[in-house]
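Please look at the model below and follow it one step at a time. We begin with a single residue and then move out to the whole chain.

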Amino acid sequence: DAYYAPLTLEQQTSVPPRDVDGARRARAQLDMMLQEQQITENDLHNILQKATWDASADAKAARASIGSMPSHIEQRVNRACAVIADAVKDASK
């Protein structure tokens, strides 16, 4: 939805039908999961945002207590934060 909606009609026609169908199936699955869990998209946004903040706080605490995180932990934390931040950013468009 967020990707497709702002496109011009000409741009929309260039999107392969399988991509549009896949996006519609993903959206339907998300809607079903939200309904099953009785949460809204805004609730999910807040949950993911809190997870990002918590991971960031944990990383900062680890860095403060040991001087730096082991690189493999830092990479995992950075990747998790980036994934969540991208999802939140995309959802807010």
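This is a predicted model. Start with A82, which is partly exposed: its relative accessible area is 36%, and a residue would have to fall under 20% to count as buried or rise over 50% to count as exposed. A82 is found in helix α4, made up of residues 71-91. To place A82 against another part of the chain, take D31, which is 51 residues away along the chain; the C-alpha atoms of A82 and D31 are separated by 24 Å.

Now turn to helix α3, residues 41-66. What span should its 26 residues have at 1.5 Å a residue? The expected value is 38 Å, and the end C-alpha atoms of α3 are 37 Å apart, so the two agree. After α3 comes G67, which has a positive phi, near 90 degrees.

Next, consider the chain as a whole. Its secondary structure consists of four helices and zero strands, giving the pattern α-α-α-α along the sequence. The radius of gyration is 18 Å, whereas the globule rule gives 12 Å for 93 residues; the chain's value is well over that, so the chain is more spread out than a compact globule. Along the principal axes, the C-alpha atoms fill a box of roughly 55 × 30 × 20 Å.

The surface comes last. Of the 93 residues, 12% count as buried. The accessible surface of the chain is about 7,400 Å², with 55% of it belonging to carbon and sulfur atoms. As for charge, there are 11 positive and 13 negative side chains, and the centres of these two sets lie 5 Å apart.

Methods: Residues numbered from 1 in each chain as written. Predicted model: local features only at pLDDT ≥ 70, side-chain atom pairs only at ≥ 80, totals over all residues. Heavy atoms only, no water. Helix = DSSP H or I, 4+ residues; strand = E, 2+ residues; numbered from the N terminus. Buried < 20%, exposed > 50% of the residue type's maximum accessible area, 1.4 Å probe, protein only. Expected span 1.5 Å × (residues − 1). Rg over C-alpha atoms; globule rule 2.2 N^0.38 Å. Areas by Shrake-Rupley, 256 points an atom, 1.4 Å probe, with all protein chains shown as cover. Lys, Arg positive; Asp, Glu negative; His and termini not counted. Charge placed at Lys NZ, Arg CZ, Asp CG, Glu CD.
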